[in-house]
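Reader: I'd love a close look at one part of this model, a strand and the neighbours it pairs with. Could you walk me through it, and then show me what else is worth a look around it?

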Amino acid sequence: MVEVRPFRGIRYNPERIQDLSLVACPPYDVIDPAEQDFYYSLHPWNAIRLDLGKSSKDDSEGENRYSRAARLLDEWLREGILIEEREAGYYLLEEEFQEGEGTLVVRRGLIALLRLDEESGQRGVRLHEATHPGPKEDRLALMKATAANLSQIFVLYQDQDSSGALREILETPPLNCACGEALGRDGVRRRLFFLGDPVVHRRIESFFSERDLFIADGHHRYETALAYRAWRTALEPGASRPRPWDYVLVYLTGSEDPGLRVYPTHRILWGYPFWDAQSFFSRAEKFFDIQAIPWPTPGDIVRDGRVMTAQTRQGGDDGKPRIRCFLPGRREGWQFSLRTGAASSSELFPTDTHPLLRSLDVAVLHEVLLGRVLGMSRQDQDTGGYLRYVKGEEAALETLGAGPEAQAAFLLGPPPIRSIMDLASQGIRMPPKTTFFYPKLLTGLVFRRMSAVGERAG
């Protein structure tokens with residue numbers, strides 16, 4: 001179904017950087033300004049300067065954070081801060097973290113190149129979330145300037161045969177192939193291994209040629225890769241195929257991997273001019289059973305965890321959507337439970353809405369509570385600036401005290417991985433920022449560069 005291939009990765013020179021913790025950073029879309037400052041100060045060669053450089057009041061069309069990233073990438077390669085592998089290979093990434101009361105969890109996956117399909121979208125790659133134009137414009141400007149993949153797209157595959165050939169490769173990296181380690185601020189220890197054996201390459205490529213893939217995290221970067229391919233093709237129509245921009249850098253892990261975790265992304269209603277709590281609750285009673293609940297304690301948040309795997313479901317024992325709402329200045333909250341049969345009503349969802357989508361907290365929130373009850377248009381939900389997206393229940397509750405514009409926190413359960421994949425297989429996308437896959441991939445473990453514009457494509 002798809003084509004993956006090895007590549008000549010670019011890594012930090014171990015003779016210059018022994019501890020990758022100093023130069024790696026989280027993905028661009030989860031870094032706030034304070035964290036950006038932290039990683040800037042952590043080390044002058046930190047990958048933040050490439051992937052999420054700072055803007056300046058003196059920036060212009062020709063001099064900006066994208067052009068500075070391109071110059072830095074060139075400089076670091078020229079000065080030996082970064083080095084390119086002599087041979088093509090895959091990378092095994094092992095991520096280890098503790099969960100609950102000290103249980104050790106390990107997730108394993110491969111970093112590889114994925115070929116973009118010749119059509120406008122790749123038939124073997126499924127997307128599950130809608131996207132916003134702003135992040136894609138940002139990522140495209142960076143890719144045009146650097147001609148590089150600076151981070152990986154997080155991709156899932158199905159492999160129910162836990163004793164299969166790929167599982168053997170993931171669990172038994174060859175000796176003397178370790179090429180880096182980083183301990184993130186999230187407490188996750190990452191270990192990177194280079195897989196250069198052509199026999200292993202063929203086994204990997206054969207495995208993926210028979211599978212569909214599902215984008216877990218990085219929808220904006222995936223669509224950016226498609227846009228960049230179209231742009232480069234128009235600039236260099238005579239380049240011989242396959243061209244470097246026909247591929248994108250991905251991280252591949254199994255949907256059944258015991259270390260895979262998915263959390264929800266919570267919503268904060270922020271500065272919506274038509275918000276009236278009393279009216280909102282009164283109108284919601286038509287569709288929901290509303291029950292008062294206590295304000296969560298730190299212990300409740302830790303125990304609740306909101307961890308989901310492919311086998312578990314959101315909501316209660318009956319699997320019905322349940323959304324918790326908290327208001328600033330109150331020490332209690334409310335749980336909204338969609339009434340039996342309400343999800344199938346044409347009054348709540350468009351008649352062509354898939355039954356699986358009707359069962360998800362995030363769809364019920366956007367379509368029913370925000371759309372039907374509050375009256376917020378889809379455009380205002382997507383681009384009006386009235387919603388803030390927060391990872392973690394504790395952070396969501398803290399955001400209620402972040403300013404007078406904070407009006408309500410809506411805490412969601414995560415969609416089951418199986419539902420995500422089933423919907424994606426049918427071409428159905430969920431609202432943006434529905435999921436939060438954990439652990440997040442670090443930027444800076446390995447990069448990949450394409451030939452610059454005008455250079456010979458190889």
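Author: Happy to! Strand E4, residues 90-99, pairs with strand E10 in the antiparallel sense, over 7 bridges. One place to look is Glu 96, which stands opposite Arg 189 of E10. Keep in mind as you go that this is a predicted model.

E10 itself spans residues 189-195, and 6 of its 7 residues are buried, so you can think of the strand as mostly covered. It also pairs with strand E9, residues 178-183, again in the antiparallel sense, here over 5 bridges. Arg 189 turns up here too, as the bridge partner of Leu 183. E9 and E10 form a hairpin with 5 residues between them. In that turn, look for Gly 187, which has a positive phi of about 85°.

From this hairpin you can step across to Arg 11, which sits in strand E2, residues 10-12. The side chain of Arg 11 reaches the backbone oxygen of Cys 179 at 3.2 Å. Arg 11 also touches Leu 192 and Tyr 91, and its further contacts include Ile 81, Leu 82, Ile 83, Glu 85, Leu 445 and Val 446. Is this arginine buried or exposed? Its relative accessibility is 12%, and because buried means under 20%, Arg 11 counts as buried.

Helix H1, residues 33-42, makes a good next stop. Gln 36, Tyr 39 and Tyr 40 are its buried residues. They cover an arc of only 105° around the axis, so they lie on the same side of H1. That buried set packs against helix H2, residues 48-51. On the face turned away from the buried side you will find Ala 34 and Ser 41, both exposed. At the start of the helix, a side-chain oxygen of Asp 32 comes to within 3.2 Å of the backbone nitrogen of Ala 34.

Now for the aromatic rings, which form 24 pairs in total. Phe 38 and Tyr 39 make an edge-to-face pair, with 5.0 Å centre to centre and 85° between the planes. Tyr 39 counts as buried at 5% relative accessibility, whereas Phe 38, at 29%, counts as partly exposed. The rings of Tyr 272 and Tyr 386 are also edge-to-face, because their planes stand at 75°, with the centres 5.2 Å apart. Tyr 272 lies in the loop between strand E13 and helix H8, and Tyr 386 in the loop between helix H12 and strand E17, so this pair ties together parts that are 114 residues apart in sequence. Tyr 272 is buried, with a relative accessible area of 4%. An aromatic cluster is worth finding as well: Trp 275, Phe 280, Phe 281, Phe 288, Trp 334, Phe 336 and Phe 410 form it.

Finally, a word on confidence. The chain averages a pLDDT of 86, and 89% of the residues score at least 70. Confidence is highest in H2, at a mean of 98, and lowest in helix H9, residues 298-304, at 49. Over residues 302-318 pLDDT stays under 50, although the model has 44 contacts for them beyond four places in sequence. Where pLDDT is low, the predicted coordinates should not be read in detail.

Terms used:
Residues numbered from 1 in each chain as written. Predicted model: local features only at pLDDT ≥ 70, side-chain atom pairs only at ≥ 80, totals over all residues. Heavy atoms only, no water. Buried < 20%, exposed > 50% of the residue type's maximum accessible area, 1.4 Å probe, protein only. Helix = DSSP H or I, 4+ residues; strand = E, 2+ residues; numbered from the N terminus. Pairing = 2+ DSSP bridges. Arc of directions from axis to C-beta. Contact = heavy atoms within 4.5 Å. Polar contact = N/O pair within 3.5 Å; in protein donor to acceptor, adjacent residues only side chain to side chain. pLDDT = per-residue confidence, 0-100. Phe/Tyr/Trp six-rings, centres within 6.5 Å; stacked < 30°, edge-to-face > 60°.
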